[in-house]
Protein chains: 2
Amino acid sequence: MMALRTRLTERLGIRVPILSAPMGVTAGGRMASAVTEAGGLGLIAGLGPAGIANSAPWIEAQYAAAGNSRVGGGFITWMLASQPDLLDRMLDHAPVAVMLSFGDAAPFAPAVKRAGALLICQVQSMRYARQALDCGADIIVAQGGEAGGHGTTERATFTLVPEVADLLAKTSPDTLLIAAGGIGDGRGLAAALMLGADGVLIGSRFWTSAESLAATDVKRHALAADGDATIRTNVGDIANNSPWPTEFTGRILRNDLTDRWHGKEDALRAEGEAGRDRYRAALKLRDFRQLAVHVGEVAGLMTDELPVSRIVETIIGDAEKLLLRGAWQRA
Amino acid sequence: MMALRTRLTERLGIRVPILSAPMGVTAGGRMASAVTEAGGLGLIAGLGPAGIANSAPWIEAQYAAAGNSRVGGGFITWMLASQPDLLDRMLDHAPVAVMLSFGDAAPFAPAVKRAGALLICQVQSMRYARQALDCGADIIVAQGGEAGGHGTTERATFTLVPEVADLLAKTSPDTLLIAAGGIGDGRGLAAALMLGADGVLIGSRFWTSAESLAATDVKRHALAADGDATIRTNVGDIANNSPWPTEFTGRILRNDLTDRWHGKEDALRAEGEAGRDRYRAALKLRDFRQLAVHVGEVAGLMTDELPVSRIVETIIGDAEKLLLRGAWQRA
């Protein structure tokens with residue numbers, strides 16, 4: 001059985017330093033359970049397909065789908081703020097950890113800690129990393145802009161991870177660090193460890209897995225793309241009538257929608273209901289030229305829908321080869 | 001004497017897989033020579049302080065300053081297109097390699113090859129990587145958007161490097177790959193090797209070195225910044241009246257200039273001579289709140305002006321420690 005030990009595997013009691021991102025709508029109990037069974041830690045999304053206001057039954061259903069697997073959960077923080085009781089619904093299931101992303105984690109940190117769950121805060125900059133420490137984060141996820149889905153353009157994984165590592169070493173050495181954004185294979189895991197991370201959080205690669213709740217056609221669409229095919233933009237959220245703070249853009253596939261509206265966000269907003277009708281029509285037709293397909297730059301490093309177990313095995317196997325017998329030699 | 005062997009060190013006949021970026025105006029013969037003497041390969045910029053039209057005497061002077069060191073050179077390709085004879089001035093000095101960045105390398109590739117220099121093409125996307133292969137590049141530099149100075153926001157180092165590595169493995173296995181963007185310490189070098197690079201190109205870290213021709217006050221300003229302090233924008237070039245194609249933005253320190261004009265580029269352009277006068281006045285006063293200070297996200301990983309030899313030694317020493325005895329264990 002494969003294993004790769006770091007401070008993160010020790011702290012979480014897992015075998016491989018891989019967490020799955022609690023991606024809204026697609027990271028359900030089946031995916032989370034599969035990641036845990038493969039040796040990592042799966043995180044169930046706190047956001048279901050009917051929106052945050054109706055996520056309580058989703059959380060119940062997904063914890064049921066995870067069965068007896070030891071999993072965690074995660075929320076989009078600014079959405080949780082509108083339905084704070086959902087945190088209790090999550091904590092009812094005794095998650096190993098609760099991850100909070102995109103917004104102020106401070107109001108929710110005490111409840112997570114009281115429940116005995118580890119508090120994971122995802123950050124996109126040094127400013128947010130310092131805020132996460134102030135909240136008492138047990139684990140910080142440093143997310144670079146190359147990540148799929150929501151994030152910011154402010155920093156890239158390659159520089160944010162070592163800079164947060166330096167901050168933690170200086171001010172909070174027991175806080176662990178996870179890299180996110182651009183990681184989908186063994187090279188990414190090995191590189192993240194070199195940069196100072198204790199492990200990785202993987203989104204897009206698991207989003208395309210067999211256990212993901214994403215539809216097959218949209219997964220195929222993303223798997224066929226190369227890494228140049230994505231863009232970070234507010235256009236998807238505006239078209240889809242999703243009230244994300246504009247600071248957090250979505251990395252989505254470039255298509256007719258982004259070609260037409262990226263850089264003209266105000267005009268798209270001004271369209272109002274007409275634009276939203278067009279989006280709903282495209283959704284009905286599965287017209288991916290007009291829809292926001294969230295995937296990271298890592299799209300260029302993946303081609304097949306695979307079971308989670310196979311994805312994790314390959315990542316760990318490849319990372320170990322690189323870590324133990326790389327292409328360098330001491331002269 | 002320190003050494004770390006890769007395919008790149010073998011091909012170039014050097015001891016450590018580190019090249020210095022041929023940064024316009026600041027990467028002179030003294031810096032290039034110091035990088036070569038430290039075991040890497042220094043590249044002299046083809047662009048001097050009086051502009052590309054007057055760069056011939058600069059090239060002579062900087063090769064003279066490099067003395068007998070084995071160095072290479074580099075050009076901003078779209079600028080070279082306006083003064084193509086400068087390539088011959090560079091080739092007169094038998095550079096080990098010539099690096100071409102930002103523009104179509106095809107017209108210049110044959111002369112570089114005929115002169116027996118290795119052709120290095122810097123790319124920012126898969127599209128440009130394929131073009132570089134079509135030009136017959138011996139070495140491709142994959143530059144992520146986190147890099148200082150000019151580049152694009154299209155891709156990040158963390159995903160671009162492995163994706164180009166896959167392309168090369170499939171279509172041109174003898175072409176070597178260098179990572180650029182965000183690399184300033186041993187962690188970055190080790191991570192780049194994990195991602196599939198044969199070596200690294202370093203800009204900002206050498207730009208702050210003792211041998212850099214950048215002024216002490218501007219170096220200090222950049223060294224004091226953290227990694228959140230930069231932004232990729234056209235504002236610096238517009239204010240400075242530099243006709244860069246807008247596709248290539250400059251990563252510069254956020255300041256009053258970028259706060260005021262980023263996102264309002266057309267208004268800055270419309271100011272015309274008044275805006276340029278203001279910029280020249282700020283330059284005279286060394287008012288860094290109003291000037292474009294080019295530095296990468298790696299600003300957050302460096303604090304001191306150091307000699308090149310010390311920078312290289314530290315990078316190699318730290319990378320070796322990570323590569324040979326990391327924080328992971330086989331279970």
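How many bridges join strand β6 of chain A to strand β7 of chain A? I counted four, between residues 118–123 and residues 139–143, and the two strands run parallel.

**Ground rules.** I am working on a predicted model, where local features need pLDDT of at least 70, side-chain atom pairs count only at pLDDT 80 or more, and totals for chains, interfaces and linings use all residues. Residues are numbered from 1 along each chain as written, chains are lettered from A and ligands numbered from 1 in written order, and side-chain values use heavy atoms, without hydrogens and water.

**Sheet.** I took helices (H or I, at least four residues) and strands (E, at least two) as DSSP runs, numbered from the N terminus. Strands pair if DSSP finds at least two bridges between them. In chain A I found an open sheet of eight strands, paired in parallel, in the order β2-β10-β9-β7-β6-β5-β4-β3. Its edge strands are β2 (18–20) and β3 (43–45) of chain A, each pairing on one side only. From one strand to the next, the twist averages 25°. I used axes fitted to C-alpha atoms, for helices over the stretch in contact, with angles from 0 to 180 degrees between N-to-C directions.

Back to β7(A): A:Ile139 there stands opposite A:Ile120. Helix α7 (126–134) of chain A packs on the sheet and touches β6 and β7 of chain A, at about 165° to the direction of β6(A). Contact here means heavy atoms within 4.5 Å.

**Rings.** I looked up aromatic pairs next: eight over all chains. Rings of Phe, Tyr and Trp (its six-membered ring) pair with centres within 6.5 Å; planes under 30 degrees apart are stacked, over 60 edge-to-face, the rest tilted. A:Phe102 and A:Trp244 are edge-to-face, because their centres are 5.2 Å apart and their planes at 75°. A:Phe102 sits in the loop between β5 and α6 of chain A and A:Trp244 in the loop between α12 and β12 of chain A, so the pair ties together parts 142 residues apart in sequence. Both are buried, meaning under 20% relative accessible area (exposed is over 50%, partly exposed in between; 1.4 Å probe, protein chains only). A:Trp78, A:Phe102, A:Trp244 and A:Phe248 form one aromatic cluster.

**Cysteines.** Which cysteine sulfur is closest to that of A:Cys135? I found A:Cys121, at 5.3 Å, too far for a bond. A disulfide needs two cysteine sulfur atoms within 2.5 Å, and my count is zero over all chains. A:Cys135 is buried, at 17% relative accessibility. B:Cys135 is in no disulfide, with the sulfur of B:Cys121 5.3 Å away.
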